[in-house]
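Colleague: I should like to take a close look at one aromatic residue and its surroundings. Please begin with how far it is open to the outside, and then build the picture from there.

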Amino acid sequence: MNYLGFWAIFRFEMARFFRTIFESLASPVISTSLYFVVFGTAIGSRIQEVEGVSYGAFIVPGLIKLTVMTQSISNASFGIYFPKFMGTIFEVLSAPVSFVEIVMGYVGAAALKSVIIGLVILLTASLFVDLHIAHPIIMLLFLILTSISFSLFGFILGLWAKSWQHLNIVPMLVITPLVFLGGSFYSIDMLPGVWQKIALFNPVVYLVSGFRWAFFEQADVPIAISLVAITGFLILCIGIIAWMFKTGHKIKQ
């Protein structure tokens with residue numbers, strides 16, 4: 001294990017984050033505030049509680065998940081696509097580091113950035129609503145697993161992308177709609193019977209449900225299934241990245 005190579009990539013990516021830390025943190029804070037103004041005030045005035053939890057507090061896990069997923073994908077995809085676009089990726093590939101160390105460097109930095117942003121959103125939300133986290137360790141576990149999994153997914157997207165526009169296709173056209181339709185701002189129990197069954201085909205339901213359980217001990221699906229879902233997605237992404245490096249697919253062209 002070349003720890004020096006891993007640390008060099010990780011430190012470089014984190015340095016880029018801290019150079020623009022104000023912009024990186026200001027955007028999610030402003031977005032969170034706007035969500036509370038729109039959802040918490042407009043909709044919250046009509047829906048006082050959801051399953052015994054105030055609506056303002058109920059939407060916090062969904063807000064965090066939405067931002068963490070999109071930020072993880074964005075950070076990881078940009079981190080690997082930029083050297084690919086500039087042609088410096090070949091310097092990384094020719095260095096005495098394995099694909100494991102390369103992935104750990106880029107994905108580790110992207111995941112850490114997302115965890116930091118997720119915690120900042122949590123602190124921002126606590127200014128608007130009274131929050132009580134029933135299981136903080138499990139909450140952190142889901143936050144970290146989500147950040148790592150979607151950073152791996154973003155890494156795959158960065159390797160696959162042929163242009164800067166491709167980096168935004170999946171987050172905008174796939175992830176964001178799935179989050180909004182995945183029970184982030186409502187419980188799927190509020191849906192008609194047939195739509196409840198359809199919603200279970202949305203993988204984001206399992207991620208948001210498990211994360212919400214850590215806050216309020218209430219979930220749309222069992223916590224064990226949520227853990228299996230996020231772990232399975234993580235393993236799948238690792239397998240795809242390993243195959244891409246082994247075959248050179250989208251890397252050595």
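Modeller: Phenylalanine 233 counts as partly exposed, since its relative accessibility is 23%. This value, like the others that follow, is computed from a predicted model. Phenylalanine 153 is also partly exposed, with a relative accessible area of 23%.

The structure holds twelve aromatic pairs. In one of them, the ring centres of phenylalanine 153 and phenylalanine 233 lie 5.9 Å apart and the planes stand at 45°, so this pair is tilted. An angle counts as tilted when it is neither under 30 degrees, which would be stacked, nor over 60, which would be edge-to-face. Phenylalanine 153 belongs to helix α7 (residues 136–160) and phenylalanine 233 to helix α11 (residues 223–247), so the pair ties together parts that are 80 residues apart in sequence.

A second pair may be set beside it. The rings of phenylalanine 215 and phenylalanine 216 have centres 5.7 Å apart and planes at 45°, so this pair is tilted. Here the accessibility values are 1% for phenylalanine 215, which is buried, and 15% for phenylalanine 216, which is buried. The cut-off behind these words is that buried means under 20% relative accessible area. Aromatic residues also gather in a group: Phe99, Tyr106, Phe155 and Phe245 form one aromatic cluster.

Glutamate 217 is found in the loop between α10 (203–216) and α11. Its phi is near 60°, a positive value in a residue other than glycine. With a relative accessibility of 48%, glutamate 217 counts as partly exposed.

Some rings have a charged partner. The charged end of arginine 212 sits over the ring of phenylalanine 58, at 3.9 Å from its centre. Lysine 65 lies over the face of phenylalanine 211, and the distance to the ring centre is 5.0 Å.

Arginine 212 and phenylalanine 58 lead on to the empty space inside the model. Both are among the residues that line the largest cavity, together with Glu51, Ser187, Ser209, Gln218, Ala219 and Asp220. About 30 Å³ of space lies in this cavity, and its lining has two nonpolar, three polar and three charged residues.

Tyr106 of the aromatic cluster leads to a pocket. Tyr106 is one of the residues nearest the centre of the second largest pocket, along with Phe12, Glu13, Pro83 and Thr88, and 14 residues line this pocket. The second largest pocket has about 260 Å³ of space. Its lining has ten nonpolar, two polar and two charged residues, and α1 gives the most to it, with five residues.

The largest pocket has a volume of about 520 Å³. Its 24 lining residues include Ser27, Thr70, Gln71, Ser74 and Asn75, which lie nearest its centre. The largest share of this lining, eight residues, comes from α4. By class, the lining of the largest pocket has ten nonpolar, twelve polar and two charged residues.

Finally, these parts may be placed in the whole. The protein has eleven helices and two strands. Its radius of gyration is 19 Å, close to the 18 Å that the globule rule gives for 253 residues, so the protein is as compact as a globular protein of that length. Buried residues make up 47% of the 253 residues.

Conventions
Residues are numbered from 1 along each chain as its sequence is written. This is a predicted model: local features need pLDDT of at least 70, side-chain atom pairs count only at pLDDT 80 or more; totals for chains, interfaces and linings use all residues. Side-chain values use heavy atoms; hydrogens and water are left out. On a 1 Å grid over the protein atoms alone, a cavity is a set of points where a 1.4 Å probe fits but cannot get out, and a pocket is an open set with protein on both sides within 12 Å along at least five of seven lines; lining residues have an atom within 4 Å of a point. Grid points are joined across faces, edges and corners, and a volume is the space filled by probe spheres set on the points. Ala, Val, Leu, Ile, Met, Phe, Trp, Tyr, Cys and Pro count as nonpolar, Asp, Glu, Lys and Arg as charged, and the others, Gly among them, as polar. Rings of Phe, Tyr and Trp (its six-membered ring) pair if their centres lie within 6.5 Å; planes under 30 degrees apart count as stacked, over 60 as edge-to-face and the rest as tilted. Helices (H or I, at least four residues) and strands (E, at least two) are DSSP runs, numbered from the N terminus. Buried means under 20% relative accessible area, exposed over 50%, partly exposed in between (1.4 Å probe, protein chains only). A charge sits over a ring if NZ of Lys or CZ of Arg is within 6 Å of the ring centre and within 35 degrees of the ring normal. The radius of gyration is taken over C-alpha atoms; the globule rule is 2.2 Å times the number of residues to the power 0.38.
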